[in-house]
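Let's take a look at where two small molecules sit in a protein. Here is a quick briefing to read alongside the picture.

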Amino acid sequence: MRKIAVLTSGGDAPGMNAAIRAVVRTALDKGLEVMGVQRGYSGLINGELFPMDRHSVSDIIQKGGTILRTARCPEFKTEEGRQKAANVLKVYGVDGLVVIGGDGSFTGARLLSKLGVATIGLPGTIDNDLAYTDYTIGFDTALNTVLDAINKLRDTSSSHERVSIVEVMGRSCGDIALHAGIAGGAEGIIVPEKEFDQEQLCKVILEGKLKGKLHNLIMLAEGIGGANELAQYVEEMTGIETRATILGHIQRGGSPSVFDRVLASRMGYKAVELLLEGKSARVVGIREGKITDDDIDEALSIERTFDEELYAISKVLSH
Ligand code: ADP
Ligand code: F6P
């Protein structure tokens, strides 16, 4: 291994820059050359590569987004697209690639590894939806962003004695809603992993009012139904003014938290170590505080389990 490259792919996540920095600085420290690839797999196909040195990653650890830009690239899903990407890497003399992204990006990395490029994946997504790792880079920062928003919404919904429905991201994973809901003291948490009864929710809200609650904060994970429709239903059924807030892409931005910076730094370091050990088609994760690496296929085939215990705790604490 003489020269490696790094790219970010799929939805961006806070901490991706810290991961890029860790990959570049570790590689340089170990005597490797490093190239950055712009715009994910699109940039790989189009030959958007440039050499990186220590200064290329100065002053980025605190920045959200990704200095390498990111993209979704349908062409990479075709064999021809991937072959073009492999050819580009060959032309540049790159023999190892670090891919920072989610499960789609990992599938791409696995297929690319079959064309002779050693690939290592780092989990960069706010969704925390990868079963093989306890945490993904960006999840913790997104939670803090959501928490900040919840705190503010609580102020105004208390003043008006309203119900506040807050829709958060996560695709089909309820982790953002669950963790932010617990941290923000939400009265209700609605996630795709658990059945949801609209009437029961209204009952909880009305009971809360009888107990003297000034407001009700309901966390809604995206993909179960719209926050606006739910707000309309709750208002009709309870007679309590209800407002919906869809947090949207604000959850993907911002300076990464300490947790995400440290996680990204440890994972970036591990990715380079794996490439130097001659490993390929592996993904880096963290389990019980330890940095891990797993075969991509095996990692992606693990079924995600929902944290039932945390959900049960949230139910007890919200009453
Ligand atoms: P994420 O990596 O966050 O899950 P996507 O699912 O959008 O995001 O995937 C990012 C990119 O990874 C896609 O635009 C595509 O270039 C590549 N990719 C996704 N799925 C596949 C696949 N099945 N085969 C090859 N490449 C894929
Ligand atoms: O995977 C990250 C994520 O932010 C999801 O939570 C969300 O469903 C999706 O990406 C939004 O994608 P886009 O940026 O393409 O709108």
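The space taken by ligand 2 is the largest pocket, and the space taken by ligand 1 is the largest pocket too. A pocket here is an open set of points on a 1 Å grid over the protein atoms alone, where a 1.4 Å probe fits and protein lies on both sides within 12 Å along at least five of seven lines; a molecule sits in it if more than half of its atoms lie within 2 Å of its grid points.

Keep in mind that this is a predicted model, where local features need pLDDT of at least 70, side-chain atom pairs count only at pLDDT 80 or more, and totals for chains, interfaces and linings use all residues. Residues are numbered from 1 along each chain as its sequence is written, chains are lettered from A and ligands numbered from 1 in the order in which they are written, and side-chain values use heavy atoms, with hydrogens and water left out.

**Around ligand 2**

- The residues surrounding ligand 2 (a heavy atom within 4 Å) include Thr 125, Asp 127, Met 169 and Glu 222.
- Sorted by class, this shell has one nonpolar, three polar and five charged residues; Asp, Glu, Lys and Arg count as charged, Ala, Val, Leu, Ile, Met, Phe, Trp, Tyr, Cys and Pro as nonpolar, and the others, Gly among them, as polar.
- Ligand 2 lies between domain 1 (3-138 + 256-301) and domain 2 (140-252), because both give residues to its shell; the bounds come from an automatic or database domain assignment.

**Polar contacts of ligand 2** (pairs of N or O atoms within 3.5 Å)

- Oxygen atoms of ligand 2 pair with a polar side-chain atom of Arg 72 at 3.1 Å and with a side-chain N or O atom of His 249 at 2.9 Å.
- Gly 170 uses a backbone N or O atom instead, 3.1 Å from a ligand 2 oxygen.
- On its own, ligand 2 exposes 400 Å², and the protein buries 74% of that (Shrake-Rupley method, 1.4 Å probe).

**Around ligand 1**

- Ligand 1 is surrounded by 16 residues, with Cys 73 and Gly 102 among the closest.
- The shell splits into four nonpolar, eight polar and four charged residues.
- Arg 72 turns up here as well, with a side-chain N or O atom 3.0 Å from a ligand 1 oxygen.
- Polar side-chain atoms of Asp 103 and Ser 105 lie 2.9 Å and 2.5 Å from ligand 1 oxygens.
- Taken alone, ligand 1 exposes 550 Å², of which the protein buries 82%.

Note on methods. Polar contact = N/O pair within 3.5 Å; in protein donor to acceptor, adjacent residues only side chain to side chain. 1 Å grid on protein atoms, 1.4 Å probe; cavity = no way out; pocket = protein on both sides within 12 Å on 5 of 7 lines; lining within 4 Å.
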